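Dear colleague,

I am handing over the structure below, and after it I set out what was found. Please read the notes with the coordinates open beside them.

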Amino acid sequence: CALPISASDGSSLVGFIQSGTGAVARTVQAKLRETVSVKDFGAVGDGVADDTVAIQAALTYAASMSGAGVNFPVTHAVKILIPAGDYKITSGLTVNRRVWLTGEGMWATRLICTTSGSSFYGLSVRPDVSGGCPIWGAIIENFQIVGNGGSTRCSGISTGSTSPYTISQSVYQNLVMWEVAT
């Protein structure tokens, strides 16, 4: 009888144990779900394919796993990884509070804004509810946003709309904005 490890739940049948004293056994599935890659949702990162929909799907998934409400200390249900590469985006991406979005380095991971349409923010960080709720617990780190420098412009990162939101318990680090509108 062959084990169905190639099925969608096959990783739940395979054990994993980290090396080192005190490590405990768990499934490969549990280990792999610690970090979710945008490539799990179809992003390519070659600078040619439009990765907008795939990256937004990963961000939406992370928001759905983070739950609602404000908690302290801040917990993140999942970390979204953008591996090294050039990711073409043709419209703005939205990150909700308590999402951890990380690249593999501010010089290795690039979101490339390309569009012939209207101007947009490469990344908009928003609370998940309206009515003055703060942007709580977002971690945005280790990548760059590259604008197209033309008449249609990408404006980096936005943390507000018609009225700015309160930002609390959040981290923005190792980010580069290149050729973006100010």
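**Aromatic pair**

In this predicted model, the count of aromatic pairs comes to 1. The two rings belong to F41 and Y61, whose centres are 5.8 Å apart and whose planes stand at 40° to each other, an arrangement that counts as tilted. Since F41 lies in the loop between β3 (35–37) and β4 (46–50), while Y61 belongs to helix α2 (residues 52–66), the pair ties together parts that are 20 residues apart in sequence. As for how far the two residues are open to the surroundings, F41 is partly exposed, with a relative accessible area of 32%, and Y61 also counts as partly exposed, at 29% relative accessibility.

**Charge over a ring**

A further contact involves W100, over whose ring the charged end of K79 sits, at 4.7 Å from the ring centre.

**Largest pocket**

Turning to the empty space, the largest pocket holds about 160 Å³. Its lining is made up of 10 residues, and those closest to the centre of the pocket are L32, R33, T35, V36 and D40. Among the secondary-structure elements, α1 (28–32) and β3 are the ones that give two or more residues to this lining. In terms of character, the lining residues of the largest pocket divide into 4 nonpolar, 4 polar and 2 charged. It may help to view this pocket together with the aromatic pair, as β3 contributes to the lining and also precedes the loop that carries F41.

With best regards

Technical notes: Residues are numbered from 1 along each chain as its sequence is written. This is a predicted model: local features need pLDDT of at least 70, side-chain atom pairs count only at pLDDT 80 or more; totals for chains, interfaces and linings use all residues. Side-chain values use heavy atoms; hydrogens and water are left out. Rings of Phe, Tyr and Trp (its six-membered ring) pair if their centres lie within 6.5 Å; planes under 30 degrees apart count as stacked, over 60 as edge-to-face and the rest as tilted. Helices (H or I, at least four residues) and strands (E, at least two) are DSSP runs, numbered from the N terminus. Buried means under 20% relative accessible area, exposed over 50%, partly exposed in between (1.4 Å probe, protein chains only). A charge sits over a ring if NZ of Lys or CZ of Arg is within 6 Å of the ring centre and within 35 degrees of the ring normal. On a 1 Å grid over the protein atoms alone, a cavity is a set of points where a 1.4 Å probe fits but cannot get out, and a pocket is an open set with protein on both sides within 12 Å along at least five of seven lines; lining residues have an atom within 4 Å of a point. Grid points are joined across faces, edges and corners, and a volume is the space filled by probe spheres set on the points. Ala, Val, Leu, Ile, Met, Phe, Trp, Tyr, Cys and Pro count as nonpolar, Asp, Glu, Lys and Arg as charged, and the others, Gly among them, as polar.
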